[in-house]
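Take a moment to look over the structure before reading on. The paragraphs below walk through some of its strands and how they are arranged.

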Amino acid sequence: MIKINSKNVDVFYGKKQALFNINLDIEENQVTALIGPSGCGKSTFLRCLNRMNDVIDICRVKGQIIINDFDINDKSCDVVRLREKIGMVFQKPNPFPKTIYENISYGPTIHGMAQSKNEMDEIVETSLKKAALWEEVKDRLHEPGTGLSGGQQQRLCIARAISVKPEVILMDEPCSALDPIATAQIEELIDELKKDHTIIIVTHSMAQAARVSQNTGFFHLGELIEHGSTDKIFKNPENKKTQDYITGRFG
Amino acid sequence: MNKNKEQLLNKRYKAEKRFRLYGQSAIFMALLFLTIFIFKIFSTGYSAFQKTWLIVPVTFDAELMMLEQNPSKEDLKDADYYDIALKSMADLDPNANEDQENELKRMVSYFFEREIKRELLNDPSLIGKTKDVYLTASDDLDQVFKGNYPRDLPEDQRRVTDYQLKIFDQLVELGKVESKFNLSFFTYPDSREAELAGIASSFMGSIFSILVCLMIAFPVAVLAAIYLEEFAPKNRFTDFIEVNINNLAAVPSIVFGLLGLGILLAVFQLPRSTPLVGGITLSLMTLPTIIIACRASLKAVPPSIREAALAMGASKMQTTMHHTVPLSMPGTLSGTIIGLAQALGETAPLILIGMVAFVNTIPGSPLDPAASLPVQIYIWAESAERGFVEKVSACIMVLLGFLIIMNLFAQIIRHKFEKKWS
């Protein structure tokens, strides 16, 4: 099933065009990896999906991105509601400089998801369990989230993102600041999370894309060169550029 | 080739050594000036915290006080103390003629009558008895006792007469002159008599001014800074505003004083010489300082925190109020305190709005006339009496102490609450 359907998406930073006519469908409850060399526009595309590009003054997005039969670039779209449905995990772990508990409870609080303290405790617990962090932090929920290790912080950020039960989780190179062990934990987690969420992950590591994703899109110089099932992209790419990239000839 | 390299290396070492030397000598100079300054102020000022008292036997003669038998408390308050006060001073030298009696009277402050009255009100049973009472020495004798008075000047060039000195020396020998902690320096308002002048009115004036300044400048500045930094579009107009805020911070303070005079006093008819007007004028000065500090600390909050909040579905306002502003508060607060410390030391604008007036009452609200500490320094420094010299230094010490405490507080806030970003 198609979860996200993007049609003719163009993105401009001022006068410079960063994305050219992107048409990409994202499958529900699967992991889609976006790969490509630095500056190819894969992160820009990711940020279109929850309209994080709105933050950048000079950035303009054209085209349609349809999620649940609804164009998120439409004027009637409320970004707060949109971002409640589409969570995001960033490249560098960015927990709030608050306690672990407050980090998780922030989203549910502002969206009014818990009526009582008990409910909130439950949300915090399930979110942390889903992010495979509960066992490590259950005794220090009220200590600052910034005191955790890098990998733990990133899992905290994932727990924070899933606390509002988003349908889609966007991950922007979530492992680039982590060591291999922490990376393995996150990858395992992604595999687990795809049961309940649709995941789109931007990654620099082709091995990672091959390990965690079912679908892959290859971006180059602002264009979507090729997309399809991960198996096909890695074993039998149609485009010469894709082949050159995945075999390490450039990028 | 190798030799050349060695030479280069040596040159570099020497340059580094020289640079260190310059830096060290600069710091040494700065410390030297500071030490001289502090030493000068302390050595002149410390004696103002001591006050000289003459211990004079006073006979509470009911007849002289016009008191009837078994007087009530009211009677005691209304009684005439001038005669017994005068008599006790005159009694110091039984052979004194009229002129000399007058000189004797001038050895103590004009407050002596009230000091005697207070003694009796504290203990009404003293009527008819004689008791040693502490009387504030005149400012000149105070200085004589502290050793600051040039006794060897010819008599017609000093205010203390030879006769007064003679009697005073006798009292000193008898142990009837005592130096005690000068509490009245902190509890009395300003006075024309140096021995009675205190900083209470100017101190309260400063406190009220600073409070008014804080209450106006802080909210306005913080809101302005948040809007400019987080919400305003970045365009020519906001650039223009930013430049002007920076310019405002560089405007000489006397210009703000003129503004206060022209607008607050002339147009709005606010009461002259009051901490209210002083505070408003100072707040104009403090405003750019706080705006700049607040904007800088908002800028220092990493964008990743804003992104995290936005991505969680927080609105712009929630992101700002829940995350950015709380994180910027330590920097904002320490900037505010530093701005207030500047305002506390400001003199020129306050002189223009009339806070330089002689105020001998302690203000109870920002609407009462008051002086302020730096203006008090200015007023006293202009006074001719020798007794005010040490008061000036003492007042500077109080002001400096205040500033040091505020700056220390700013430092503590900054260090304690500032988050370290990895």
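In chain A, strands E9(A) and E10(A) form a hairpin with two residues between them, and A:Leu221 in the turn has a positive phi of about 50°. This is a predicted model, in which local features need pLDDT of at least 70, side-chain atom pairs count only at pLDDT 80 or more, and totals for chains, interfaces and linings use all residues. Residues are numbered from 1 along each chain as its sequence is written, while chains are lettered from A and ligands numbered from 1 in the order in which they are written. Strands (E, at least two residues) are DSSP runs, numbered from the N terminus, and two of them pair if DSSP finds at least two bridges between them.

The two arms of the hairpin, E9(A) and E10 (residues 223-229), run antiparallel and are joined by six bridges, with A:Thr216 standing opposite A:Gly228. E9(A) is also joined to strand E3 (residues 31-35) of chain A, by four bridges and in parallel, and here A:Ala33 stands opposite A:Thr216.

Six of the six residues of E9 (residues 215-220) of chain A are buried, so this strand is largely enclosed by the rest of the structure; buried means that 20 or more other C-beta atoms, placed from the backbone, lie within 10 Å of the residue's own. In a regular strand the side chains alternate between the two faces of the sheet. Both faces of E9(A) are covered, with A:Asn215, A:Gly217 and A:Phe219 buried on one side and A:Thr216, A:Phe218 and A:His220 buried on the other.

Elsewhere in chain A, an open sheet of four strands has the order E2-E1-E4-E5, with antiparallel pairing. Strands E2 (16-27) and E5 (70-71) stand at its edges, each with a single partner strand, so one side of each is left without a neighbour in the sheet.

Key:
Buried ≥ 20, exposed ≤ 12 C-beta atoms within 10 Å, placed from the backbone.
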